[in-house]
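Biologist: Please give me a close look at the largest pocket. Then set it against the rest of the model.

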Amino acid sequence: MDHHDYRRRLHPLAGSECALPDEEIRRRHEAVAAAMEAAGLEALLLASPADIYYLTGYSTFEVSVHTVLVFAPGRLMLQVPSIETGPAVACTRLEDVTGYRWESIAEVLDPLADALMRAGRRIGIDPWQAALRPGVLDGLKARLPRHDFQDAAGLMAGVRIVKSPLELSFLEHSARITGLCIAAAADAARAGVTDSAVAAAGAQALYGSGSEFMSMQPIVTTGRRSSIIHVNHHRHRIEDGDPVFIELGAAWQRYTAPMMRTVVAGTPTPRMVEVFDTIRRMYDALLVAIRPGAKFDAAARVAEEALAPLVDDVFFSGVFGYAVGAQFPPSWVEGSGYIARGQDRVFTPGMVFHLPLCLRIPGAWGIGCSDTVRVTEDGAVPVTDNPWTLEERR
């Protein structure tokens with residue numbers, strides 16, 4: 001059978017895998033529609049897997065293929081390749097799902113142009129996302145010369161950054177599993193084992209505790225390699241005295257609450273303790289500064305004051321926090337907000353941030369410790385439960 005027949009025969013399973021209740025989807029649609037009206041848009045052309053999931057429940061581990069959602073108030077069309085017919089049926093309650101042959105991406109243009117013709121002429125797009133392919137956008141513009149494709153990069157971010165009670169509950173489930181798995185990985189870290197074995201202990205605990213496929217794989221680095229940002233486990237033996245940096249994030253209904261932790265295979269040096277204590281002061285400063293009505297920029301400046309004694313000795317990314325929510329590989333970073341210099345957005349109850357506080361001395365080692373925190377009416381409250389200790393492992 002072809003994918004059209006496959007879709008028809010899957011109809012009894014329609015919506016059976018959707019994680020979002022109707023009232024939550026309705027709330028999201030209404031919020032996005034209001035933002036579109038304020039921006040003067042008639043439709044959105046969305047290609048980010050996370051944005052599509054947010055509005056429909058569509059979930060898949062195959063996020064490298066062309067998939068788009070045409071969203072107009074009261075009218076949605078999801079376009080997927082033939083191999084994604086199953087998730088499109090089972091994970092959504094959409095009536096309008098249009099398939100194309102996986103191997104023939106040129107087939108997407110005419111059906112997509114027809115859908116946009118019906119949706120309106122003022123179309124919002126996010127030209128800063130890799131998921132919207134330039135060839136597709138160029139083909140649509142050629143077919144729809146009277147349509148106005150407008151940069152609406154911040155629209156979905158502005159809606160998604162404030163979490164609903166359901167989303168907060170998903171993040172709490174993720175946080176619980178993340179904590180269990182960080183502990184399992186930390187317990188496995190000692191001199192003589194490999195960084196890969198530590199990652200395996202964390203991954204086994206993640207899956208054993210109910211995590212879905214993760215948006216980012218377990219991160220474990222040791223010794224001098226921990227001073228290099230964004231390298232990962234690679235069969236390296238942990239030596240006596242090495243710090244072991246661990247960062248994990250479980251996925252629960254695609255929501256991730258990440259956490260960082262560092263343990264030492266032996267006794268921490270005074271310099272390691274000094275760096276760890278600085279990270280703790282940064283974290284404590286952020287917990288005070290993250291409060292409703294305060295600017296992201298102001299919180300970053302407060303954390304910079306805590307970092308100041310070591311600022312010339314360590315590398316820090318410059319981002320003291322980033323929003324998290326529902327995401328897909330390759331990253332759990334939502335991208336809707338960053339606690340950093342020059343960011344003028346203000347904190348609002350319901351926002352959730354991972355505070356990735358990791359300081360690296362180039363060529364020596366790196367130490368990181370973090371929590372995911374929720375913004376409440378009274379300020380920032382941790383969602384994860386980091387012990388905030390630089391423990392010895394022997």
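Modeller: Three residue classes come first: Ala, Val, Leu, Ile, Met, Phe, Trp, Tyr, Cys and Pro count as nonpolar, Asp, Glu, Lys and Arg as charged, and the others, Gly among them, as polar. By these classes, the lining of the largest pocket holds 16 nonpolar, 8 polar and 4 charged residues. This is a predicted model, where local features need pLDDT of at least 70 and side-chain atom pairs count only at pLDDT 80 or more, while totals for chains, interfaces and linings use all residues. Numbering runs from 1 along each chain as its sequence is written, and side-chain values use heavy atoms, with hydrogens and water left out.

Now the pocket itself. On a 1 Å grid over the protein atoms alone, a pocket is an open set of points with protein on both sides within 12 Å along at least five of seven lines; a cavity is a set where a 1.4 Å probe fits but cannot get out; lining residues have an atom within 4 Å of a point. The largest pocket holds about 580 Å³ of space (probe spheres set on points joined across faces, edges and corners). Its lining takes in 28 residues. Ser48, Asp51, Asp126, Gln129 and Glu334 lie nearest the centre. Five elements give two or more residues each to this lining: β1 (43-46), α3 (49-56), β5 (122-125), α7 (153-160) and β13 (333-339). Helices (H or I, at least four residues) and strands (E, at least two) are DSSP runs numbered from the N terminus.

One helix stands out here. α7 gives the most to the lining of the largest pocket, with 5 residues. In α7, Leu155, Met156, Ala157, Val159 and Arg160 are buried (under 20% relative accessible area with a 1.4 Å probe and protein chains only; exposed is over 50%, partly exposed in between). These buried residues of α7 pack against α2 (22-39), β1, α3 and β13. Of those partners, β1, α3 and β13 also give two or more residues to the pocket lining.

Next, the cavity. The count comes to 1 cavity of 30 Å³ or more. The volume of the largest cavity is about 30 Å³. Leu45, Leu46, Ala47, Asp51, Asp126, Gln129 and Leu132 line this cavity. By class, the cavity lining has 4 nonpolar, 1 polar and 2 charged residues. Asp51, Asp126 and Gln129 therefore play a double part in the geometry: they line the cavity and are among the residues nearest the centre of the largest pocket, under the lining rule.

For contrast, take the second largest pocket. About 440 Å³ of space lies there. Of its 23 lining residues, Ile229, His230, Glu247, Tyr322 and Pro356 are closest to the centre. β7 (219-222), β8 (243-248), β13 and β15 (357-361) each give two or more residues to this lining. β13 thus appears in the element lists of both pockets. The second lining divides into 15 nonpolar, 6 polar and 2 charged residues.

Some backbone details sit around these strands. Most residues other than glycine have a negative phi, and most peptide bonds are trans. The bond from Pro329 to Pro330 is cis, with omega near 15°. Pro330 lies in the loop between β12 (321-324) and β13. Arg235 is not a glycine, yet has a positive phi of about 65°. The loop between β7 and β8 holds Arg235. With a relative accessible area of 61%, Arg235 is exposed. Gln253 is likewise not a glycine and has a positive phi, about 50°. Gln253 lies in the loop between β9 (251-252) and β10 (255-256). At 27% relative accessibility, Gln253 counts as partly exposed.

One buried helix residue is worth a look too. Thr278 sits in helix α10 (residues 270-289). At 1% relative accessibility, Thr278 counts as buried. Leaving aside residues up to four places away in sequence, Thr278 touches Ala306, Leu307, Leu310 and Leu359 (heavy atoms within 4.5 Å).

Last, the whole protein. The protein has 11 helices and 18 strands. Along its principal axes, the C-alpha trace spans about 65 × 45 × 35 Å. Of the 394 residues, 55% count as buried. Among contacts with a separation of 6 or more, residues 24 or more positions apart account for 71%.
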